[in-house]
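Thank you all for coming this morning. Please have the structure open in front of you, because I would like us to walk through it together, slowly, one region at a time.

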Amino acid sequence: MFGVRCLLLALRRCSSAPCPKHKQATRLRVCEALEAQEVAGDIKVQGWVRSVRSQKQVLFLHINDGSSLESLQVVADPSLEHRDLTFGSAVEVQGKLVKSLHRMQNVELKAENIRVVGPCDTLTFPFKPRERQPLEYSRQFPHLRCRTNTLSSLLRVRSEATAAIHSFFKDNGYVHVHTPIITSNDCEGAGELFHVRTSNEVQEPGENSHFFNVPAFLTVSGQLHLEVMAGAFTQVFTFGPTFRAENSQSRRHLAEFYMVEAEMSFTESLQDIIQVMEDLFKTVTSIVLSKCPQDVELFHKYISPAQKGRLEQMLKNKFITIPYTEAVEILKRAPQTFTFQPKWGNDLQTEHEKYLVKHCGEVPVFVVNYPYDLKPFYMRDNEDGPQHTVAAVDLLVPGIGELCGGSLREERLHFLQSRLERLGLADAYQWYLDLRQFGSAPHGGFGMGFERYLQCILGVDNIKDVIPFPRFPHSCLL
């Protein structure tokens, strides 16, 4: 009887005691698993199958989750194979991280369980294993092309470049400003604007039915808004989407693209702006090369084999500066025939820009002091003659042409007011004139097209191949 009572008491204690919790498998990203220096148990990796190879006594998988170009090899018993375990399928693999016998990798995942989260129909899936499709082909599938090695590498480079740009400005004391996307200003004065209306907006004759009471557009630049902020902060920058209504399907144009723009107060020298532009390019590029060496190498190996050498030249050499007038003379003496004949007072075309860079030894070139009538109203008058110029600068780089554009801004009220009056813009830009009346300081700034920057460092010819989603008339992602 005593023994039965003791047994019942022991059972009660066991039932009241907390049950030991089942240890959860540690989730690792593929890049973390590949960087592991020692073996580990109870590991879980989630991703997509890049290859499946089944042998009599072993099953090999390669899993990628987008965190690195390299995939993680999974070794499993053939009994874990499933009919839905195919190229492109989404899987979750649990097992132990062990040392790999393969000389090309440090570790591999010895699977204990493989779960197919989402099957993939390999017959209709437009991409096939071990096939390197041209960029033109993948552009047809904007909703799926991010699953290719090329586009996943591009997106990792974009991500690191974005972080590096923010880091550069933060480290140098700039304040980040979110400038408006919907605006009533046309910074460039080119008239190539997307007009913003509500879906049910009906314009009656003589009636002001605008949502904002004035015509509104998608921004072409955040510069004018940055100049407002430069009246309170000595260094500001913005990095966001801009829009140009250029009806062009060329390899150089986008309707939507990202711009990096900066403004600096108490700046009286164009050289100060030039130095920031060069430092930004070299610093960001060096960071991208150190953070994404395999991703960049993929482009330099398969897309543009000569780009690696050109990029090394750009990073190790001081950028060259030449006046616009000298640039035109160089073009006039060129042994080649241009489609657009170079002439003082005309803008430089892409063919001119590429020739100038080549003439200067494939080193980036700053062209400064453009004709007064060629540039927008806000650029500072150099008061020179007989060829009237403004303190403007464009950065030209190999293979691309213009990458950055900037200037000293006209801070003198009477100069700015007289030019706006001649253009018939004085009323529309009264707020801009106000900035010159209340504590105006010499200032300047620049903008850099982010997609063109990516083209430059990766060697991609078509700008539509450096954006996440190409825009095609038949695409649901327009």
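I will begin with the chain as a whole, then turn to the sheets, the salt bridges, one helix, one loop residue and a patch on the surface.

Before anything else, please keep in mind that what you see is a predicted model. The protein chain has 478 residues, of which 46% count as buried, and it contains 13 helices and 17 strands. Its accessible surface comes to about 25,100 Å², and 53% of that belongs to carbon and sulfur atoms. If we take the contacts between residues at least 6 apart in sequence, 67% of them join residues at least 24 apart.

Let us move to the strands. In what order do the eight strands of the open sheet lie? Going across, the order is E7-E11-E12-E17-E16-E15-E14-E13, and the pairing in this sheet is mixed. At the edges we find strand E7, residues 175–176, and strand E13, residues 320–323, each of which pairs on one side only. Inside this sheet, strand E14 (residues 365–371) and strand E15 (residues 389–397) run antiparallel and are joined by six bridges; as a place to look, you can find Phe366 standing opposite Leu395 in E15. Helix H10, residues 350–359, packs on the sheet, where it touches E13, E14, E15 and strand E16 (401–408), and the direction of H10 makes about 75° with that of E15.

There is further pairing earlier in the chain. Strand E2 (residues 40–54) runs antiparallel to strand E5 (residues 90–99), with seven bridges between them, and here Gly47 stands opposite Val91 in E5. E5 also pairs with strand E6 (residues 107–118), again in the antiparallel sense, over ten bridges, and in that pairing Gly95 stands opposite Ala111 in E6.

Now for the charged side chains, since the structure holds 18 salt bridges. I have picked three of them. In one, Glu263 and Arg409 meet with N and O 2.5 Å apart. Glu263 lies in strand E12 (residues 256–265), while Arg409 lies in the loop between E16 and helix H11 (413–423), so this pair ties together parts that are 146 residues apart in sequence. Are these two residues buried or exposed? Glu263 is buried, because its relative accessible area is 1%, and Arg409, at 3%, is buried as well.

The next salt bridge joins the side chains of Arg145 and Asp465, at 3.7 Å from N to O. Arg145 sits in the loop between helix H3 (135–138) and helix H4 (149–171), and Asp465 in the segment after helix H13 (450–458), so here the parts tied together are 320 residues apart in sequence. Both Arg145 and Asp465 are buried, and they belong to a network of salt bridges that also links Glu136 and Arg139.

My last example is the salt bridge of Arg29 with Glu32, whose closest N and O atoms are 3.6 Å apart. Arg29 has a relative accessibility of 44%, so it counts as partly exposed, and Glu32, with 32%, is partly exposed too.

Let me turn to helix H7, residues 293–302. Which of its residues are buried? They are Asp295, Val296, Leu298, Phe299 and His300, and what covers them includes H4, helix H6 (270–291), helix H8 (307–316) and H13. It may help to recall that an α-helix has 3.6 residues a turn, so residues three or four places apart point the same way.

Next, please find Phe194, in the loop between strand E8 (182–183) and strand E9 (195–196). With a relative accessible area of 31%, Phe194 is partly exposed. Leaving aside residues up to four places away in sequence, Phe194 touches Ala216, Phe217, Leu218, Phe243, Arg244, Ala245 and Ala255. Taking one of these, Phe194 and Ala216 are 22 residues apart in sequence, and their C-alpha atoms are 8.6 Å apart in space.

Finally, let us look at the surface, where Val175, Val228, Met229 and Phe233 make a nonpolar patch of about 280 Å². Val228 is found in helix H5, residues 223–229, and because its relative accessibility is 34%, Val228 counts as partly exposed.

Note on methods
Residues numbered from 1 in each chain as written. Predicted model: local features only at pLDDT ≥ 70, side-chain atom pairs only at ≥ 80, totals over all residues. Heavy atoms only, no water. Patch = residues over 30% accessible without salt bridge, like charges linked within 9 Å, V, L, I, M, F, W, Y side chains within 5 Å. Areas by Shrake-Rupley, 256 points an atom, 1.4 Å probe, with all protein chains shown as cover. Salt bridge = Lys/Arg side-chain N within 4 Å of Asp/Glu carboxyl O. Helix = DSSP H or I, 4+ residues; strand = E, 2+ residues; numbered from the N terminus. Buried < 20%, exposed > 50% of the residue type's maximum accessible area, 1.4 Å probe, protein only. Pairing = 2+ DSSP bridges. Contact = heavy atoms within 4.5 Å. Axes fitted to C-alpha atoms, helices over the stretch in contact; angles between N-to-C directions.
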